[in-house]
Amino acid sequence: MEDEQGSQGSAEQGGGGGGGVESLKGMSPATVSGCHCLEFDSWWNEGKHRRYVYIRYNITEGAFQMAIDEDSNLYHVPTAYGSRTGEVITVWDLHVGAELDILGRMTTLQRCSQTTAEWNKYWADRLTALRDRLVEELKKYDTRKNDPWLTWQKAKKESGAADLRLLMGQVAGLSNQLNEYRPRLAAQLSVPEEMLTIEDLPRQRREASALKDG
């Protein structure tokens, strides 16, 4: 483990966490505006032994903290990747069932905290309502069938398991189609601006830190 964290993260004794709650206020209801970290449980097998891991993602910092059972260290991990895409993971990629490459380990997020589940449900509900409205509006102007992925959804959803990145893609794709017929309405039914702002928080934080240091 020491070799892995040496190249990709750092470790310290005990716990700790970032703040940045103020940056999220006003972007969502009180029940989720205070959610500045997304928290998940996972595990992997080492031979016949299962290792349990706690993963926390700081939304404003865009970085992970990870604690592993039987290990007193708290690992600070600046970057994790999608195990299938190889792309850097950001806030909207994280949900129960997501597969991550973190510290060289392929792991699936198995459970999440109640606050994380509420955060996931809030944004999923907003995006699903937008997607369904777009589908209905498009029926008025275009009789062609949409690509199946634009309306695909899981038949059964676990708590915190909504794939927000997929929903964002669906809304963006359907909004682009509606833009051909109703540009103003399409603009209103696009991915919420708050979601783009939240995803950009880590970059804003880095730039502010660089200016301060400079």
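**Gln-170, the cysteines and the pockets of the chain**

Gln-170 is placed in helix H4, which comprises residues 164-178. The structure described here is a predicted model, and the values given below were computed from that model. Within it, Gln-170 has a relative accessible area of 0% and therefore counts as buried, the limit for that class being under 20%. When the neighbours within four places in sequence are left aside, the residues in contact with Gln-170 are Arg-131, Trp-149, Leu-150, Thr-151 and Trp-152.

Helix H4 belongs to a chain that contains 7 helices and 9 strands. The chain has 214 residues, and 40% of them count as buried. Among the contacts in the chain with a separation of 6 or more, 59% are made by residues that lie 24 or more positions apart. The accessible surface amounts to about 11900 Å², and carbon and sulfur atoms contribute 48% of that area.

The cysteines were also examined. A search of the whole structure for disulfides returned 0. Cys-37 has a relative accessibility of 12%, and because this value is under 20%, Cys-37 is classed as buried. For Cys-112 the relative accessible area is 22%, which lies between the limits of 20% and 50%, so Cys-112 is described as partly exposed.

Pockets were considered next. The largest pocket has a volume of about 460 Å³. Its lining consists of 15 residues, of which Thr-85, Asp-93, His-95, Glu-99 and Asp-163 are the closest to the centre of the pocket. Sorted by class, the lining of the largest pocket comprises 6 charged, 5 polar and 4 nonpolar residues.

The second largest pocket encloses about 160 Å³ of space. Its lining is formed by Ala-117, Asn-120, Lys-121, Ala-124, Asp-125 and Thr-128, together with Lys-157, Glu-158, Ser-159, Gly-160 and Ala-162. In this second lining, 4 residues are charged, 4 are polar and 3 are nonpolar; the nonpolar class is represented by Ala-117, Ala-124 and Ala-162, while Lys-121, Asp-125, Lys-157 and Glu-158 belong to the charged class. The polar class in the same lining takes in Asn-120, Thr-128, Ser-159 and Gly-160.

Terms used: Residues numbered from 1 in each chain as written. Predicted model: local features only at pLDDT ≥ 70, side-chain atom pairs only at ≥ 80, totals over all residues. Heavy atoms only, no water. Helix = DSSP H or I, 4+ residues; strand = E, 2+ residues; numbered from the N terminus. Buried < 20%, exposed > 50% of the residue type's maximum accessible area, 1.4 Å probe, protein only. Contact = heavy atoms within 4.5 Å. Areas by Shrake-Rupley, 256 points an atom, 1.4 Å probe, with all protein chains shown as cover. Disulfide = S-S within 2.5 Å. 1 Å grid on protein atoms, 1.4 Å probe; cavity = no way out; pocket = protein on both sides within 12 Å on 5 of 7 lines; lining within 4 Å. Points joined across faces, edges and corners; volume = space filled by probe spheres on them.
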